[in-house]
Amino acid sequence: MYELKVIDHFSAAHQLRRFHGECENLHGHNWKVEVCVASYSLDEKGMVLDFRVVKKHTKEVLSRLDHKFLNELTMFRDQNPSAENIARYIAEELGARLDTPERWVTSVTAWESETACVTYVRKSEK
Ligand SMILES: [Zn+2]
């Protein structure tokens, strides 16, 4: 299996509900996001998918989060904007855009600091 990865960033504020600790207070992160797309086969150009396509869609999805207070966004109104939920949201949005019978978004990793991240792994269709 081939797996490609692109990395992008966004900055946002959040406040974790029902969390007892520093993250209960309003604060921000510079998030680093890793997006992985996999395929068992390559296209006629010998690629899983053009990096530019993955980068473009990743940028579009991240632009909904960039410089926002995440708690106010529709998708995080009922669930905490934790690294876990952020990674899942990005993975499902990109899956809806990029999945085909030949390839699929396998995982998204959301780094909220240099030393802490969460990876959401999607189930393969295969
Ligand atoms: Zn935080």
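What follows is a walk through the fold of this predicted model, from the sheet to the helices and then to the core.

Start with the sheet. Five strands, lined up as β3-β1-β2-β4-β5, make an open sheet, and the pairing within the sheet is mixed. At the edges sit β3 (68–69) and β5, each of which pairs on one side only. Two of the strand pairs are worth a look. The strands β1 and β2 run antiparallel and are joined by 13 bridges. One handy landmark here is A12, whose bridge partner in β2 is H29. Further along the sheet, β4 (residues 103–113) pairs with β5 (residues 116–121), again in the antiparallel sense, this time over 6 bridges. Getting from β4 to β5 takes a hairpin of 2 residues. To find this pair on screen, look for A110, which has V118 as its bridge partner in β5.

Now for the helices. Helix α1 packs on the sheet, where it touches β1 and β2, and its direction makes about 20 degrees with that of β1. Helix α2, on the other hand, lies across β2, β4 and β5 and runs at about 150 degrees to β4.

A good residue for exploring α1 is V61, which belongs to this helix (residues 51–63). V61 counts as buried because 22 other C-beta atoms lie within 10 Å, and the cut-off for that label is 20 or more. Leaving out residues up to four places away in sequence, V61 touches I90, E93 and L94. The chain takes quite a route to bring one of these contacts about: V61 and E93 are 32 residues apart along the chain, yet their C-alpha atoms are separated by 7.1 Å.

That leaves the inside. The largest nonpolar core has 28 residues, and the ones touching the most other members are V33, V35, V37, A87, I90, V108 and A110. Both helices and some of the strands chip in: β1 (2–14), β2 (27–39), α1, α2 (83–98) and β4 each give two or more residues to this core. The largest share comes from α2, with 7 residues.

V108 gives a feel for how these pieces meet. Again leaving out residues up to four places away in sequence, V108 touches V33, E34, V35, A87, I90, A91 and Y120. Among these contacts, V33, V35, A87 and I90 are also on the list of core residues that touch the most other members. I90 turns up once more as a contact of V61, so a click on I90 is a neat way to tie the story together.

Notes:
Residues numbered from 1 in each chain as written. Predicted model: local features only at pLDDT ≥ 70, side-chain atom pairs only at ≥ 80, totals over all residues. Helix = DSSP H or I, 4+ residues; strand = E, 2+ residues; numbered from the N terminus. Buried ≥ 20, exposed ≤ 12 C-beta atoms within 10 Å, placed from the backbone. Contact = placed C-beta atoms within 7 Å. Pairing = 2+ DSSP bridges. Core = buried A, V, L, I, M, F, W, Y, C linked by C-beta atoms within 7 Å. Axes fitted to C-alpha atoms, helices over the stretch in contact; angles between N-to-C directions.
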